[in-house]
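Colleague: I should like a close look at a single part of this model, namely its sheet and the surroundings of that sheet. Please set out the arrangement in one connected account.

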Amino acid sequence: MKLTDFKALTFDCYGTLIDWETGMVEALKPLTDRAATPLSRNQILEAHARHESAQQLQTPGKIYRDLLPIVYKRLAEEWAIPVSWAECVAYGQSVKNWPAFADSAEALGYLKQHYKLVILSNVDNESFAASNAKLGVAFDAIYTAEDVGAYKPADRNFDYMLQNLTTLGLEKRDILHTAESMFHDHGPANRHGLASCWIYRRFDQDGFGATMHPGDMPKYDFRFNSMADLVAAHKQALAG
């Protein structure tokens with residue numbers, strides 16, 4: 001199997017192209033700065049993962065910018081910090097401020113010359129539009145949790161994407177699903193028979209950060225520590 005075997009790259013966005021962990025930690029500072037006991041970065045991210053995943057299961061039809069305020073409220077309760085609802089709502093609006101990884105825009109610009117580029121994201125369309133501006137590329141298709149009415153790792157999201165990609169002339173064999181999260185992306189990609197590429201942004205950190213532990217580790221076909229590394233490997237594959 002070679003990177004040049006595929007016609008489309010389907011991307012998770014947050015954690016892969018957008019540095020959501022840095023964005024979360026920064027946006028949570030009004031809360032975490034008031035914690036009675038100092039919280040490490042991983043403690044913050046792992047607590048966020050627990051509450052986010054639980055809320056996505058509980059209310060799969062709630063759009064992401066409306067779901068995050070509930071996550072903020074749950075975190076405040078866990079850490080015994082009083083908060084106003086306005087503060088919770090402000091956190092839900094923070095996605096548009098989350099930064100892109102430094103290599104994302106340039107890598108996507110290169111990859112656009114060789115593949116159709118597709119987003120399969122757990123956010124809402126409004127929030128993604130702000131992130132898309134940072135990524136600087138026109139995606140060929142964008143599928144969000146708001147479109148589907150469910151959140152990854154639910155099979156519905158991948159079913160929806162695959163069904164719609166047929167209208168672009170793409171079948172499973174044409175697609176390389178490219179993502180950081182083992183929990184949200186590689187597990188369901190395995191179940192759907194998709195080849196996958198792990199962008200292991202957390203290669204130098206412990207644990208799974210803002211994503212839940214996947215249980216048994218899913219399989220993947222390629223692994224790179226950054227989007228820049230993926231581009232370098234593609235150039236090497238083209239050179240033969």
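Modeller: The account below starts with the sheet and then turns to some of its surroundings. The model is a predicted one, and all that follows should be read in that light.

The sheet is open and consists of six strands, paired in parallel and arranged in the order 3-2-1-4-5-6. Its edges are formed by strand 3, residues 141-144, and strand 6, residues 222-224, each of which pairs on one side only. On average, neighbouring strands of the sheet are turned by 20° against each other, with direction ignored. As a general matter, the strands of a sheet pair through backbone hydrogen bonds, and the pairing may be parallel or antiparallel.

Strand 4, which spans residues 175-179, is a convenient place from which to follow the pairing. Strand 1, residues 8-11, runs parallel to strand 4, and four bridges join the two. Within this pairing, Phe-11 has Thr-178 of strand 4 as its bridge partner. Strand 4 is also joined to strand 5 by four bridges, again with a parallel course. Here Thr-178 finds its bridge partner in Cys-197 of strand 5. Strand 5, residues 195-199, in turn pairs with strand 6 in the parallel sense, over three bridges, and Cys-197 is matched there with Phe-222 of strand 6. A path of bridge partners can thus be traced from Phe-11 to Thr-178, from Thr-178 to Cys-197, and from Cys-197 to Phe-222.

Strand 4 is mostly covered, five of its five residues being buried. The cover extends to both faces: Ile-175, His-177 and Ala-179 are buried on one side, and Leu-176 and Thr-178 are buried on the other. Thr-178 therefore combines a buried position with bridge partners in strand 1 and strand 5.

The loop between strand 5 and strand 6 contains Tyr-200. The relative accessibility of Tyr-200 is 18%, so this residue counts as buried, the limit being under 20%. Beyond its neighbours within four places in sequence, Tyr-200 is in contact with Glu-180, Arg-223, Phe-224 and Asn-225. Tyr-200 and Phe-224 are 24 residues apart along the chain, while their C-alpha atoms are separated by 6.0 Å.

Turning to the helices, helix 3 (residues 41-58) and helix 4 (residues 64-78) have axes that come within 9 Å and cross at roughly 130°. The two helices are therefore oblique to each other, and their crossing is right-handed. Helix 3 contributes Ala-47, His-48, Arg-50, His-51, Glu-52, Gln-55 and Gln-56 to the contact, and these meet residues of helix 4 including Tyr-64, Leu-67, Leu-68 and Val-71. The residues of this contact divide into seven nonpolar, four polar and four charged.

Gln-56 of helix 3 counts as buried, because its relative accessibility is 6%. Residues up to four places away in sequence aside, Gln-56 touches Tyr-64, Leu-67, Asn-122, Tyr-151, Lys-152 and His-184.

A further buried residue is Thr-32, with a relative accessible area of 14%; Thr-32 belongs to helix 2, residues 29-32. Leaving aside neighbours within four places in sequence, Thr-32 is in contact with Leu-39, Ile-44 and Trp-79. Thr-32 and Trp-79 lie 47 residues apart in sequence, with a C-alpha to C-alpha distance of 8.5 Å.

Note on methods:
Residues are numbered from 1 along each chain as its sequence is written. This is a predicted model: local features need pLDDT of at least 70, side-chain atom pairs count only at pLDDT 80 or more; totals for chains, interfaces and linings use all residues. Side-chain values use heavy atoms; hydrogens and water are left out. Two strands pair if DSSP finds at least two bridges between them. Axes are lines fitted to C-alpha atoms, for helices over the stretch in contact, and angles run from 0 to 180 degrees between N-to-C directions. Angles under 35 degrees count as roughly parallel, over 145 as roughly antiparallel, 65 to 115 as roughly perpendicular and the rest as oblique. A crossing is left-handed if the near helix is turned anticlockwise from the far one by less than a right angle, and right-handed if clockwise. Contact means heavy atoms within 4.5 Å. Ala, Val, Leu, Ile, Met, Phe, Trp, Tyr, Cys and Pro count as nonpolar, Asp, Glu, Lys and Arg as charged, and the others, Gly among them, as polar. Buried means under 20% relative accessible area, exposed over 50%, partly exposed in between (1.4 Å probe, protein chains only).
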